[in-house]
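Biologist: Please take a close look at a single helix of this model, at the packing around it and at the backbone that follows it. I should also like to see the wider setting in which it lies.

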Amino acid sequence: MRSAILLGAAIMLTPVSSMAGTEDAANTDVSVKLIYPKTKTVNVVDEQFGVKVADPYRWLEDDVRVNPEVADWVKAQNAVTDAYLETLPGKKILAERMKKLFDYERFGLPEKAGGYYFFTKNDGLQNQSVLYVRKGLKGADRVLIDPNNWAKDGATALDSWVPSKNGTLLVYSIQDGGSDWRTLRVLDSATGKLLPDEIKWAKFTNISWVGNDGFLYSRFAEPKEGAAFQQLNYNQTVYYHKIGTPQSEDKAVYATPDKPEYGHSAQVTHDGKWAVITTSSGTDEKYELHVMPLGKKPTWKAQPLVTGLEYDWGLIEGMGNILWFTTNKDASKLKVVTVDLGAKTPVFADVIPEREETLSRTQIVGNRLILSYIKDAKSMALMTDLSGKPVQEIKLNAIGTASGFSGTPGDPETFFGFSSFNQPGAVYRFNSDTGVSTVFAQPKLSFDPQDYSVAQIFYPSKDGTKIPMFVVHKKDLDLSQGAPTLLYSYGGFNISQTPTYSPTRMAWLQSGGVFALANIRGGGEYGKPWHDAGRLMNKQNVFDDFAAAAEYLIASGISAKGKIAIEGRSNGGLLIGASLNQRPDLFAAGHAAVGVMDMVRFDRFTAGRYWVDDYGYPSKEADFKMQMTYSPYHNIKSGVAYPAVIVSTADTDDRVVPGHSFKYISALQAADTGGKPKIIRIESRAGHGSGKPTDKVIDEYLDIYAFLAKWTGLKLVE
């Protein structure tokens, strides 16, 4: 163990006595008593609606690149964390297990353009996946973009890529250090030659080609110096970039300067006849639609199609003047409609009505509609003709998640991926004329998926609502005493949690643990009603659903008291923080990753202002008072024994700024919450999670799962 003494930080090995005997018996062995860095406090008290809100750690909201004092605090916290993590048993075994599980060839879904097939592939342990191109289905693979050479630390990633209609050019976006900011570049797909075109300060952007000569994208104004990672995002504008011209000549084709809170994205129909501008003001699925006729010389004049932010509208495709959309207007689980832009008064007409299952995506492939549904948090896929007449169900043959099915009118070829908790993603080629699937790429594994049980149960929440939950473990796992269990959830923003494969979770399963995924309210598994039941004034349902999941795992004998670790990311990090405050007795350990922890000030940084659709406005009295009932930073209970807690974040996270985690862990360390550790792991150049290199992912989850294993009693042995 290396010593760690910096700004008052220290660590020592010593027996730890628990608060009033409330520590779990399994974890009262010789442990590590931490002496946390001394975090200064400031006398900041805001009064809102007659309520005085103390914020003694507000100075930690500053960017580490701007405030040296915050940077020193980060170093001191990491020193304590690193020294503690070195004491955890079984890390070498877990590291070998994770590395082996990551070491398999994996493919992204191919995209076809002009006879070329573009797709990503990772040999296994490459930090970033490589973009390949293939001429024809049977052609030789050729490397087009290898981002592994872009940065020494592997933290500069190929984010997205879109070939032109004829496949001769490709625009791609670069993500550096995990930031949400993107730089766009263009290359010649035949030669791999990089063109001089470069676009900066793109963010939350779609990229859509207008013919083969240029493309539409969205960007914000260049942020003020030193404010790139914290400045609020306003006045998003859609631009047209013509290939071969500098960014300074890009044309702003759609903006709403009178409504700076509006964001805009552009999508061009495959035949190039229309550009559809989708406008929103937050994360809620409420959009306005404008259309622009394109032709050979676009005038970029937007015509309103849907006004007022009331319903979800998602463009599927356009064929001539007919546009296809999914919408939740009069259909809480979505339906498919069309509109004829050539009509004197365009009117939406139903094509495929709402079903019991939730519609998640629709594509036109050849002369068919392929509809992806979520049924009890699992994927199912159907195919109809263009009039909505059923053709067939696409067989998936397992509990899992299907993705893809992108395609174009007139071409029956498409690709889809399928994965589950015990099955890494395989890629299939599908013909919409014949309904036949064939394997395009299937990974070779170091384990047998049939050795693992994937089951779904339904448990009652506090108010009696039945909540689905997946439970995964080795088929031969001894559950007679309850097994150490990792319980994960999200519960927000209409985002559905479906079965997918994770090498890090598989390492937990191979070590003899159980993994459980609770599909709590706030997600999109059952459409808008499920989302509405877990947001705004109903947010407490999310925490009740999560606690009920843990109670079920204990009562059913799958797990046991003192053996449940909880984990969540982003909005899920908020879930973990609130759950630890509300039910510290229920869990053995918690991992809150890149969480929203200060519900009073979340809307003051970067993309935080968008989240009011789920959380409400801190500036409105009713919302504020609700937020204060569960805000993790403001509801820590001193004098109560808490589980072991590890918080993780990154210094370049400009989605949920790290100040949330910094303030929360400081308040937790300062409170009297028992002898179990409360530590924070702060990554450099890692952002909110996307684009993270493979070696950083392994290092992160090696630390996290070794920590959770320690406090749930999971033995990391061969």
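Modeller: The answer below goes from the helix to its neighbours, then to the nonpolar cores, and ends with backbone angles. The model is a predicted one, in which local features need pLDDT of at least 70 and side-chain atom pairs count only at pLDDT 80 or more, while totals for chains, interfaces and linings use all residues. Residues are numbered from 1 along each chain as its sequence is written, and side-chain values use heavy atoms, with hydrogens and water left out.

The helix chosen is α3, residues 503-510; helices (H or I, at least four residues) and strands (E, at least two) are DSSP runs, numbered from the N terminus. Helix α3 is mostly covered, with 8 of its 8 residues buried. Here buried means under 20% relative accessible area, exposed over 50%, and partly exposed in between, for a 1.4 Å probe and protein chains only. The buried residues of α3 are Pro503, Thr504, Arg505, Met506, Ala507, Trp508, Leu509 and Gln510. Their cover includes two helices, α2 (91-102) and α10, together with the strands β34 (452-460), β35 (466-474), β36 (485-488) and β37 (514-518).

The packing against α10 can be described in detail. Helix α10 spans residues 694-712, and its axis lies 10 Å from that of α3 at an angle of about 30°. α3 therefore runs roughly parallel to α10. Axes are lines fitted to C-alpha atoms, for helices over the stretch in contact, and angles run from 0 to 180 degrees between N-to-C directions; those under 35 degrees count as roughly parallel, over 145 as roughly antiparallel, 65 to 115 as roughly perpendicular and the rest as oblique. The crossing of α3 past α10 is right-handed, that is, the near helix is turned clockwise from the far one by less than a right angle. On the α3 side, Thr504, Arg505 and Trp508 take part, and they meet Val697, Tyr701, Tyr705, Leu708, Ala709 and Thr712 of α10, where contact means heavy atoms within 4.5 Å.

For the wider setting, the nonpolar cores are useful: each is a set of buried Ala, Val, Leu, Ile, Met, Phe, Trp, Tyr and Cys residues joined through side-chain atoms within 4.5 Å. The largest has 70 residues, and Tyr459, Met469, Leu487, Trp611, Tyr615 and Phe662 touch the most other members. Helix α5 (residues 540-555) gives the most to this core, with 8 residues. Another core, of 44 residues, lies apart from it and has Tyr701 and Leu88 among its members. Returning to Met469, its contacts include Tyr459, Leu487, Ala516, Leu517, Ala549 and Tyr552, when residues up to four places away in sequence are not counted.

The backbone after α3 also deserves attention. Glycine 512 follows α3 and has a positive phi, near 100°. Most residues other than glycine have a negative phi. Elsewhere, alanine 377 has a positive phi near 70° without being a glycine; this residue lies in the loop between β27 (368-375) and β28 (378-385), and is buried, with a relative accessible area of 0%. Serine 570, also not a glycine, has a positive phi of about 65°. Serine 570 lies in the loop between β38 (564-569) and α6 (571-582), and counts as buried because its relative accessibility is 15%.
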